[in-house]
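User: I'd like a close look at one part of this protein, the charged side chains and how they pair up. Could you walk me through it and then put it in the setting of the rest of the chain?

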Amino acid sequence: MKDILHGIDALENVEGKVSIHYVGYYYNTLLKDCVFILPKVLLKDVDGKELAFGKYEPEDIVSPDKNKELEVQEKDFLYKFAVWIYRAIVVYKNDKRNDTDIVYHTKIAQIGKGSRRLSNTYLDILLQLLQFNKDNQSFFFFIIKNLHSGYNKINWTRTISRETAIVQGEQPIYLKPVNKRRQINFDEELLVIFFSILNYIGDTYGFPKDIKCQFQLIKGAQFKTYLNGYGRTRLRQIKYKYFSDKALELWNLCYAFFDEARQVFVSTEKKEYLLVKSFYIVFEAIIDDLIGDNPLPDGMDKKQEDGKIVDHLYTAKSLIESEASQTYYIGDSKYYKMGHPLGSESIYKQYTYARNVIQWNLDIFNRGDEPKSGVRLRDDVTEGYNIIPNFFVSAKMDEAFDYANDGIEKTDRQHNRHRKEQFKNRLFDRDTLLLFHYDVNFLFVLSLYARDNTSQKVEWKRKVRDKFREEIQDWLQDDFDFYAMAAKPGVDARQYFKTHFQEVLGKTYTPFADNNIFSLALDKEDPEENNEELMSELERFFIVKPCKLGEKPEPIIEEARKVVGGIAPAPEKDGVLMVMMENYDSKSKSFIPTGKIAIGIKYTKESLEIVENLSTIGYVLFHHRNTIGQHLFAIKNACNVVSSGDVEQDRYKNVNTTEMYLSVDIDTSLELDSSMLDSTKKGYTPKSRYDAQYFTMELLNK
C-alpha cells in the first residue's frame, strides 16, 4: 500500500491498517501509473466485513487488471467511474460557494514522446482529448483552410477543351463549367470524428465542448455504431493516410477513445492529481445542489445559533394543503457505506435542526415581520403547528451500475422513519417531530451533478421534491386519520378552540386557503383512548369529514353543508328568540351553569309571533337594543309554552310579571359568534321595548 500511495498522506494505525482521507485521481510517479481512490459508498457491510461491490476484499482489487475474479461489467464500471468523480470534483471546485480548500489539483500531463504509462484510464483519454482540442486550435484552422481553398473555382482550360459552347449574341455560354470536384478528404473525416467525440463526452459527462468548427457531426444512433466497434474499424481504414505528427497524435487519441486502450504515450514529467479531502463535504454539496434552496429561505443560515450546521433546507408545498401553502423541508446527507445504520446522535441532531427552524420562523413574526417565503408554522386560532418534513438522504449503489435510474426510495434499513413526541396523539404540536430516511442511487446523483446541466437538475429537483411530499403524506396517513372541519352555522370556531383548548391542542390546525376550514389529525392507535369521544363532541359543533393529505377540503365541506345537523341548528331552524336583557353579566350566572331559562311572554302581537314560529326557533339572542353586548346560543331541545306555576324551580325566569313562559334549554357549553348580527334591525315600540321577540337569522345579519 505504501508504494501505491506514494506521494499521498496516509495514516497508519497500531494494527498496520492504512486510512486514506482522499477521493479522486492522481499519477503515481513511482509506479508510472495512475491511481484512483474510490469513495467508501462502494463498500457494503456483509457479515461484519466491508466488501467492495458487496463481495470483494478491497485489497484484492487494488489492481483490477490483475484480479481474475472481477467480472467484465465491474472492470468496465471502475474504468469509467473515474470520469464522474473527476467531473464532480471539478464542478464542486468551480462553485465559489463551496469550501475549495479541501480540493488539491494540478494540471494533467501533456501528451508527448516521453516515457509511457503502464496503463491509462478512460478518464485519462477524455482529458487528453480535451487538452488536445485546447492546444491545437491553429492546427484545426490550418486544415480547414486547405480543405476549402479552391472549391467552386472554374477551370477554364478544361471547360473550353471538354465542353461545347452555345453562342448567343456572339458570346459563348458553357452550361457545364468544370470546377474543383469535392472528394472524400481523410483529414476532414478525422476532424469530424474528433469533434463528434468531444460533442459526445460533453453531452454525456458535462465536459465543456468548445467546438469552434462547423462540421456536420456524428450524433445519436450513428455515433452509437462508432462506439460499438465501427469507430475502431473506420480509424484503422484511414490510419495510413496521415503523415504529420499532429494528425497521427490525433488519430491515436481517437482510436484510444473507441478502443478504451490502456497504452497511450504521455509525458510524465509533471506530477498530476485531482484529489478531494473529506469527500462527505462534496456529497453534501451534490445533494444540496440537486435538492435544496441556495440561498436558504427567509434569511436563514446553514450554521444555526447553537453551532449546528444544517445540510439542506428548502420551502415547498405543505403536506396538508394542495395549493399555495408552503412549509419548510429539512434534509441531511449521510455519506455512509451501503447499509450503514443511522446513529442516535445523527437522529437527535436532526430533531434539533427542526426545533431551531421553528423558532426562527416564530422570531420573524414576533418581530412584526413577514417571511418572504410566506411560511407560517404556528396557527394562532388553534395554536397548532404545521408539519415539518425532516429527512435523511444516504447513498446506495445500483447493482447494475445504472447511472440513469435515480433509485430514490425509502431506505431498506431496519428503521426508515422515526417520531419523537412529548404528548401522544398531537401531530400538530411543536414537540412532535418526524424523521424519514431515503436512499438515492449514488451513480445517478454523481452524474447529474457532474454534467452540471441546469435544466436536467431543475427537472429532477421538482420530481424528487414531489416524491418526498407524496410518500411522506402516505406514511403519515398510515398512522393518522385526517379530517376537514368547518364550524356549523352560528358556531364561533375561535371561541370553541379557546374554550376547549386542552381537548383539541395539537390535534387541529388551520392550513387551508379558507381560514374557516380546519384540519384534524387523530392517531389511529388511539393512545389516549378518547378518539371516539372527541369526534362525537366535535361533530356537535363542526362539520367533520375525512379529507386526505393534499386533498381539497372545500368540495367536501360544501357537500356536507347540504345535510348538516346536530346541536348547531339546521337551516330550517333559522328562527331567533330575541330576549332583551340588561345587566347580562350578572343575570347570566343564574342560567349559564344549567342552560335552563324561562322567557316570559305576554298576550301581545310580539308573543303571538313567537308561538306561531315555535317549531323554527333554533337560537336565543340576548341583547339590549345595541350591536354591542350581544350573546348568541343554540337551543338544544324543542321550546314549550308553560304556565307560571309549571316552571321548574331550578329554571331561571327572566321576568316575574307574566303568567305564561317559554321553557328553553340552551346549549351554554359554547357561545356562538354574534359579531355579524344586528339586534336593532327588529323594530319595537316603547311599550314592547322589554318584551321577547321573534326574528330570523337571515334578517338579523348585518
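Which side chains meet in a salt bridge at 3.4 Å, N to O?

Analyst: That would be Glu421 and Arg419, whose side chains meet in a salt bridge at 3.4 Å, N to O. Keep in mind that this is a predicted model.

Let's start with how open that pair is. Glu421 has a relative accessible area of 23%, so Glu421 is partly exposed. Arg419 comes in at 33%, which makes Arg419 partly exposed too. The pair also belongs to something wider: Arg417, Arg419, Glu421, Lys424, Asp479 and Asp523 are linked in a network of salt bridges. As a general point, side chains of opposite charge can pair when their charged atoms come close.

Now for the other salt bridges. The structure holds 32 of them. One joins Lys457 to Asp289, with the closest N and O atoms 2.8 Å apart. Lys457 sits in helix H11 (residues 454-479) and Asp289 in helix H8 (residues 279-291), so this pair ties together parts that are 168 residues apart in sequence. The two partners are covered as follows. Lys457 has 11% relative accessibility and therefore counts as buried, while Asp289, at 21%, counts as partly exposed. The cut-off for buried is under 20% relative accessible area.

Another bridge is formed by Arg376 and Asp380, where the closest N and O atoms are 2.9 Å apart. Arg376 is partly exposed, with a relative accessible area of 36%, and Asp380 is partly exposed as well, with 44%.

Now the setting. The protein chain has 18 helices and 28 strands. Buried residues make up 50% of its 702 residues. If you take contacts between residues at least 6 apart in sequence, 72% of them join residues at least 24 apart. The accessible surface of the chain comes to about 35800 Å², and 48% of that belongs to carbon and sulfur atoms.

Inside, the largest nonpolar core has 126 residues, and the ones with the most contacts within it are Phe53, Phe257 and Phe442. Helix H1 gives the most to this core, with 14 residues. A second, separate core has 30 residues, including Val576, Leu632, Leu672 and Leu677.

Phe442 is a good residue to click on. Setting aside neighbours within four places in sequence, Phe442 is in contact with Pro39, Val41, Phe81, Phe279, Phe283, Ala395, Lys396 and Met397. Phe442 is also part of one aromatic cluster, together with Phe36, Phe53, Tyr56, Phe77, Phe81, Phe279, Phe283 and Phe401.

On the aromatic side, a search of the whole structure finds 49 aromatic pairs. Phe132 and Phe139 make an edge-to-face pair, 6.5 Å centre to centre with 85° between the planes. Phe132 counts as buried because its relative accessibility is 3%, and Phe139 is buried with a relative accessible area of 15%. Trp251 and Tyr255, on the other hand, are stacked, at 5.0 Å centre to centre and 10° between the planes. Both lie in helix H7 (residues 245-259), four residues apart, about one turn of the helix. Trp251 and Tyr255 are both buried.

Back out on the surface, Met1, Val18 and Val62 make a nonpolar patch of about 220 Å². Val62 lies in the loop between strand S6 (49-52) and helix H1 (72-94), and at 33% relative accessibility Val62 counts as partly exposed.

One more loop to check is the stretch between strand S9 (171-173) and helix H5 (186-205), which is where you'll find Pro177. At 38% relative accessibility, Pro177 counts as partly exposed. Pro177 and Trp156 are 21 residues apart in sequence and 7.6 Å apart in space, C-alpha to C-alpha. Leaving out neighbours within four places in sequence, Pro177 is in contact with Ile154 and Thr159.

So, to return to your charged side chains: Glu421 and Arg419 meet in a salt bridge, and both residues also appear in the linked network with Arg417, Lys424, Asp479 and Asp523.

Notes
Residues numbered from 1 in each chain as written. Predicted model: local features only at pLDDT ≥ 70, side-chain atom pairs only at ≥ 80, totals over all residues. Heavy atoms only, no water. Patch = residues over 30% accessible without salt bridge, like charges linked within 9 Å, V, L, I, M, F, W, Y side chains within 5 Å. Areas by Shrake-Rupley, 256 points an atom, 1.4 Å probe, with all protein chains shown as cover. Salt bridge = Lys/Arg side-chain N within 4 Å of Asp/Glu carboxyl O. Helix = DSSP H or I, 4+ residues; strand = E, 2+ residues; numbered from the N terminus. Buried < 20%, exposed > 50% of the residue type's maximum accessible area, 1.4 Å probe, protein only. Core = buried A, V, L, I, M, F, W, Y, C linked by side-chain atoms within 4.5 Å. Contact = heavy atoms within 4.5 Å. Phe/Tyr/Trp six-rings, centres within 6.5 Å; stacked < 30°, edge-to-face > 60°.
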